[in-house]
Amino acid sequence: MSLFLLTLGFGVVTASVLALASVGLSLQFGVTNYVNFAYGAYLAFGMFFTYTANTALHLPFWLAAAVGVVATGLVAVLINIAILEPFVRRGTSGFFLLIVTFGLSLVLLNAIQAIWGVGFDQFPIAAGSPIRLGPFSFTAAQLAIVVIAVMTLVAMHLLLTRTALGRAMRAMSDNPSLARASGIDTHRVTLWTWFISGSLAGLGGITLALNTVEFQAFTGNTFLFVIFGAVILGGIGQIYGAMVGALIIGLAVNLSGLVISSAYDLDVAFVFLVLALLLRPQGLIAARGKA
Amino acid sequence: MGVVIGYIATLGVYFCIYNIFAFGLNIQFGYTGILDFTVITFMAVGGYLAGVAALGPEQPGTDIYYVLGLSLPWPVALLIGAAAAGAVGYLIGLIALRRLRSDYLAIVTLAAGSIVYGIVGNDTRLFDGFEGLVGVPQPLSGVLNLNPNDYTVVFLALCAVIMAVCWFLANRLYKSPLGRTMRAIREDLEVAEAYGKRTFRVRMSAMVIGSIYVGIGGVLTIWFVTSLAPAGWGTGETFVVWAALIVGGRGNNLGAVVGSFLVAVLFNEATRFLPAISSLPNLIPEIRNICIGGLVILTLWFRPQGVVAERKARFFVVPLQHGTVAGSAAAEVAVSGD
């Protein structure tokens, strides 16, 4: 029982990382209506911008992390302006946009590996002696991950429900042409969406790196399928769905480690992805016209 | 002299193998519109199964573990490899080809590919894990007893024959009623369905036939290099096949051949012989992957139909009263999206 609770605690940490990354992907998926296969590279950007800001510019870690988050958001906006937006404006079907983002992931991941090397890196605060909290045991970094995730998700909730930008995003996610017809500046909303999506990817990447302790260029890309699992389980564009999906898959991935080798984490996430597609392809929280 | 011939024959073998890969992907993506982002997985399945079918039983004490080890003759191994790739294609198709949006399909294929990768890599009992299979017997090499350069020429002839058969059959498929239905589905699945086509079955046929093609290419690969390890079939390799098809021109097999030549032979294989910088051993593959990804994006921007564009179906000259309703509808649909 104590092992179960201990693992449950780690599951909450994984779910927190997953929720940050999934909400970012789901938000962009909902607003622009195509999936970004290069998202794993955005996680890597978050990790390595933070790493460089921390080690080369000697910024304190949390300030470096903030730099990493904002810089990843900006990179996402730039990539959208330079590559994706022109294709969308030309009316390229979603079909070919997927191939473009797939190619983009190859380009970005290899560029990241060429710049920052193939070896494993580590954030200074990632390792640390565990703190016992009742039946649970976390490192300080893991506790920070949970706190950051909760704060960020609350902020996302407020953004989407209380601000004009958030309402515009939800409107575009529901019906882009109606949103445009009602006078929403869809171009501006799309750019903000990419910024927020990229920032959340960056934050997801940083927290993932803190949780796995060691990271390299492809760490985020391997995690991408777990993110897809959470997004599809939750329902595309449904950010609350993505949170629920992240919680379910995050807990399942860790708890399955009690029974089978943790080398099969990805397979557990895949089983959920398949079950979601077979039983409820529209996701736990259905989005009309998106399945 | 023998070395030069051997080198050219080596490039020729890769050309034939990538042609077969590109035909397979063309049947899935070019004909039917299935976004198979894990092409290379089928190559691996075909190669591994043909490998363990041809290898003898595993030797205790060598630390090389694998299943089967049937010592079968090479034509049987080829059939086993092709069938295994088709079977895996069927299993992935069962999930991916349900009536879902294409994003889901792409995600499922990509995810299934990395699951296979993880299982093959982590489970050393299957195909010796990340170490991979080694010493797979080459067809006829025991009978012919040639030096490696001459053997490469013989092997090239074998590959060329298999490639020619694959090309012929792929062209036949393109013109057949099944092929027309595939293209109708590519253009609009709902219209094809409204005309009573069993879209799931047709898409599944394309998925399985394409997987078998790629599996045959995988068998030829493991015969040629005599070994196969997971490092040889990452996502980057899938993208080489995609790049070949997109650059050459999707939907037509001549385009697949041109693309295989331009991307897989001239670009990809030729750069393998560039001198590596010893301090940065990964730089050349990284630059190659960046260029291939960039090449696809640029092609989709500047010439989305590829170097050799698919010929448009001439539906205006088909008098409506001659064809059956479903037949002319398929032709009509095939035109509309070009």
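Modeller: A residue is called buried under 20% relative accessible area, exposed over 50%, and partly exposed in between. The model here is predicted.

Biologist: Okay, so how does Thr226(B) count on that scale?

Modeller: Thr226(B) has 24% relative accessibility, so Thr226(B) counts as partly exposed.

Biologist: Where does Thr226(B) lie?

Modeller: Thr226(B) is in the loop of chain B that runs between α10 (199-225) and α11. Its phi is near 60°, which is a positive value in a residue other than glycine.

Biologist: What sign does phi have in most residues other than glycine?

Modeller: Most of them have a negative phi.

Biologist: What about the phi of His58(A)?

Modeller: The phi of His58(A) is near 55°, again a positive value in a residue that is not glycine. His58(A) sits in the loop between α2 (39-55) and α3 (61-89) of chain A.

Biologist: Is His58(A) buried or exposed?

Modeller: His58(A) counts as exposed, because its relative accessibility is 63%.

Biologist: Switching topic. Which residues does Leu224(A) touch?

Modeller: Setting aside neighbours within four places in sequence, Leu224(A) is in contact with Phe37(A), Tyr39(A) and Gly40(A). Leu224(A) belongs to helix α9 (residues 219-234) of chain A. With 2% relative accessibility, Leu224(A) counts as buried.

Biologist: Now the two chains. How many residues does each give to the contact?

Modeller: Chain B gives 42 residues and chain A gives 40 residues. Together they bury about 3800 Å², with 78% of that on carbon and sulfur atoms.

Biologist: How many salt bridges are there across the interface?

Modeller: The rule finds 0 salt bridges between chain B and chain A. There are 3 residue pairs in polar contact between the chains, counting pairs with both residues at pLDDT 80 or more.

Biologist: Which elements of chain B give two or more residues to that side?

Modeller: They are α4 (102-122), α11 (235-248) and α13 (283-302) of chain B. Of these, α4(B) gives the most, with 13 residues. The side of chain B that touches chain A divides into 25 nonpolar, 11 polar and 6 charged residues.

Biologist: Last one. How many residues are in the largest nonpolar core?

Modeller: That core has 197 residues. Those with the most contacts inside it include Tyr42(A), Phe29(B) and Trp242(B).

Biologist: And what does Trp242(B) touch?

Modeller: Not counting residues up to four places away in sequence, Trp242(B) touches residues of chain A and chain B, among them Ile99(A), Phe102(A), Phe29(B) and Phe37(B).

How values were computed:
Residues numbered from 1 in each chain as written. Chains lettered and ligands numbered in written order. Predicted model: local features only at pLDDT ≥ 70, side-chain atom pairs only at ≥ 80, totals over all residues. Heavy atoms only, no water. Contact = heavy atoms within 4.5 Å. Buried area = accessible area lost by both parts, 1.4 Å probe. Salt bridge = Lys/Arg side-chain N within 4 Å of Asp/Glu carboxyl O. Polar contact = N/O pair within 3.5 Å; in protein donor to acceptor, adjacent residues only side chain to side chain. Helix = DSSP H or I, 4+ residues; strand = E, 2+ residues; numbered from the N terminus. Nonpolar A, V, L, I, M, F, W, Y, C, P; charged D, E, K, R; others polar. Core = buried A, V, L, I, M, F, W, Y, C linked by side-chain atoms within 4.5 Å. Buried < 20%, exposed > 50% of the residue type's maximum accessible area, 1.4 Å probe, protein only.
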